[in-house]
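Here's a quick briefing on aromatic contacts, for anyone about to open the model. Have a look at the rings first, then read on.

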Amino acid sequence: MSVNNKGFTLVEILLVLSIVSMMTLISLLQLRPLHDSKKIDQFLHQLQNDLFYSQQYAISHSEMTKVFFSETEPFYRIYSGAKNKVILTRTFDESIRFQYITLGSTLYFNSNGNVQRSGSIRVKYKGDTYTITFLLGKGRFYVAKL
């Protein structure tokens, strides 16, 4: 009678599966902080693009636009003209919050693309704080992490 020794035993298979599952679990736990940092990075990138859009809309349509930042709800909205026509509403994660420093809840772009008044707002997400500063002159702004 011949014995076939070409396969793996049940113990060997279970050992390999447990090692693979532990390695997978450890790698997934490492991805959570990366996901959180990418969430705020994506939000800030989208906000910058929307602010550039509002500025370009004001220039191309020769009318004032305003960006309203909600402090209580997770959204911001872009309006155009004197009739306050909504051209964009953007929602975002509820753990991202705006805090008004010197700008207030509304940012205005004149028909030439300049901001009506300079100022700053803060964006808070979990333990991170970012300041968005709007400069007079050419309608420029920048984001800085505190």
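**Aromatic contacts at a glance**

Phe141 is buried, with a relative accessible area of 12%. This is a predicted model, and it holds 11 aromatic pairs. A couple of those pairs get a closer look below, along with a cluster and a lysine over a ring.

**Phe43 and Tyr76**

- The ring planes of Phe43 and Tyr76 sit at 70° with the centres 6.5 Å apart, so call this one edge-to-face.
- Phe43 belongs to helix H1 (residues 10-61) and Tyr76 to strand S2 (residues 75-80), so this pair ties together parts that are 33 residues apart in sequence.
- Both Phe43 and Tyr76 are buried.

**Phe52 and Phe141**

- Phe52 and Phe141 make a tilted aromatic pair, with 40° between the planes and 5.0 Å from centre to centre.
- Here helix H1 supplies Phe52 and strand S8 (residues 141-145) supplies Phe141, so the pair ties together parts that are 89 residues apart in sequence.
- Burial is mixed in this pair: Phe52 is partly exposed, at a relative accessible area of 42%, whereas Phe141 is buried at 12%.
- Why does Phe141 count as buried? Its 12% falls under the 20% cut-off, so the label fits.

**Cluster and cation**

- Phe43 and Tyr76 turn up again in one aromatic cluster, together with Phe69, Phe92 and Phe98.
- Over at Tyr79, Lys66 lies over the face of the ring, 5.2 Å from the ring centre.

Terms used
Residues numbered from 1 in each chain as written. Predicted model: local features only at pLDDT ≥ 70, side-chain atom pairs only at ≥ 80, totals over all residues. Heavy atoms only, no water. Phe/Tyr/Trp six-rings, centres within 6.5 Å; stacked < 30°, edge-to-face > 60°. Helix = DSSP H or I, 4+ residues; strand = E, 2+ residues; numbered from the N terminus. Buried < 20%, exposed > 50% of the residue type's maximum accessible area, 1.4 Å probe, protein only. Lys NZ or Arg CZ within 6 Å of the ring centre and 35° of its normal.
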